[in-house]
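User: I'd like to practise reading a strand and a single loop residue in a model. Could you walk me through it?

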Amino acid sequence: MHVTGHGSPGPPRRTSRTPRKAASIRDVAEAANVSYQTVSRVINGHPNVKEETRSRVEAAIAELGFRRNASAYALASGVTRAVTVLTSNTVLHGYAATLQGLEEAARAAGYSVGVRVLTPEDDPVRTVATATAAGGGIVVIGFDRLGAAALARVPADVPCASAVEAPPPGRAPVRPAVWADDREAARAATRHLLDLGHRTVHYVAIPASTGSRTSMAPRAEGWRQALESAGVTPPPPTGEGWDALAGYEAGRELARDPGVTAILCGNDDLALGVLRALHHAGRAVPGDVSVIGFDDAPHSAFVTPALTTVRMDFQGLGRAAFQLLRTQLESDYRPPEPALFAPELVPRESSGRRTA
């Protein structure tokens with residue numbers, strides 16, 4: 001009988017099952033014929049490394065299967081490479097795409113990402129405290145009241161960034177944030193419908209992220225401003241919600257009014273419900289009623305009729321929010337030039353010229 005550790009003297013023979021010792025940063029430096037400080041700069045994405053040197057280091061990293069020890073890095077640099085994302089939703093397109101962009105950017109930079117889903121039952125102070133205790137930094141997806149409430153409770157000394165609704169003109173958020181100008185996008189979508197000959201445009205609303213329940217979200221403000229600029233008194237917004245069911249209920253109400261010929265929806269999920277309600281009511285789209293959504297969710301091009309919508313670069317917002325956080329966590333990190341997140345109207349089959 002052979003018992004491991006009690007055989008003949010001498011070093012144990014390596015077999016195919018013997019675990020291979022993990023490569024260290026110095027192993028990579030030796031293989032690439034550079035200093036370990038240069039390897040560290042390549043790993044951390046510093047710009048002041050020659051491209052030929054960077055390629056040599058990256059090849060050595062791939063050949064040796066090097067993986068940085070996150071705990072050792074945190075101890076050496078004082079930077080915990082972790083991000084906690086606070087969001088109230090991971091399913092709706094805007095939230096999910098923002099989270100995807102953020103996670104991809106964080107992973108490329110060697111950060112781990114945790115997600116905490118906010119609910120109305122949560123104590124926001126306790127939720128933020130739990131996220132803070134995890135170390136690293138916090139990114140808040142603040143498109144709604146729950147996200148805005150959590151963002152307002154992040155202590156000033158905690159690294160934090162957010163993706164938010166467009167703030168009022170001339171008022172910047174207190175904490176570092178990114179946003180797209182969905183207020184102007186809603187104005188453009190409303191003007192598009194007016195230019196098609198519709199006398200007015202009805203709006204199916206999403207909730208505002210801040211203020212009282214009577215406050216208007218930026219998209220609603222843009223819709224109202226476009227109508228007022230055209231000399232049209234805005235009709236009362238219909239419904240308020242996020243999903244197709246809310247859109248269906250609002251659509252049933254609007255379908256009963258023969259004077260309704262154009263509808264702008266706060267997101268594509270609402271528009272999907274509106275389209276179904278109009279179909280059930282025998283109102284043709286776009287023959288009787290034109291419909292425009294918002295966000296350009298993946299389904300919007302494949303419903304019948306294909307949905308005219310406003311395309312939003314949510315993944316870009318997520319990536320930019322992470323870069324804002326990274327500048328706070330790594331003092332020597334220089335982010336790329338800020339991107340312009342300009343929404344784009346995408347005309348499809350669901351909007352057309354008024355015929356009656």
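Analyst: Happy to; we'll take a strand and its partners, then a loop residue, keeping in mind that this is a predicted model.

User: Let's begin with strand β4: how many of its residues are buried?

Analyst: Strand β4 covers residues 160-164, and 5 of the 5 are buried, so the rest of the structure largely encloses it.

User: Which way do the side chains of β4 point?

Analyst: The general idea is that side chains in a regular strand alternate between the two faces of the sheet. Here C160, S162 and V164 point one way from β4, while A161 and A163 point the other way, and all are buried.

User: Which strands pair with β4, and in what sense?

Analyst: Strand β3 (residues 137-142) pairs with β4 in the parallel sense over 5 bridges. The chain gets from β3 to β4 through helix α7 (residues 145-152), a right-handed β-α-β crossover. Strand β5 (residues 177-178) also pairs with β4 in the parallel sense, over 2 bridges. A163 is a handy marker: A163 is the bridge partner of I141 and stands opposite V178 in β5.

User: Now the loop residue. Is T261 buried or exposed?

Analyst: Start by placing it: T261 is in the loop between α10 (244-255) and β7 (262-265). The cut-off for buried is under 20% relative accessible area, so T261, at 12%, is buried.

User: Which residues is T261 in contact with, leaving aside neighbours within four places in sequence?

Analyst: T261 is in contact with H198, D288, V289, S290 and R354. With H198, the side chains also make a polar contact of 2.9 Å.

Key. Residues are numbered from 1 along each chain as its sequence is written. This is a predicted model: local features need pLDDT of at least 70, side-chain atom pairs count only at pLDDT 80 or more; totals for chains, interfaces and linings use all residues. Side-chain values use heavy atoms; hydrogens and water are left out. Helices (H or I, at least four residues) and strands (E, at least two) are DSSP runs, numbered from the N terminus. Buried means under 20% relative accessible area, exposed over 50%, partly exposed in between (1.4 Å probe, protein chains only). A polar contact is a pair of N or O atoms within 3.5 Å; within protein, one must be able to donate a hydrogen and the other to accept it, and residues adjacent in sequence count only if both atoms are side-chain atoms. Contact means heavy atoms within 4.5 Å. Two strands pair if DSSP finds at least two bridges between them. A crossover is right-handed if, with the strands pointing away from the viewer, the path from the first strand over the helix to the second runs clockwise.
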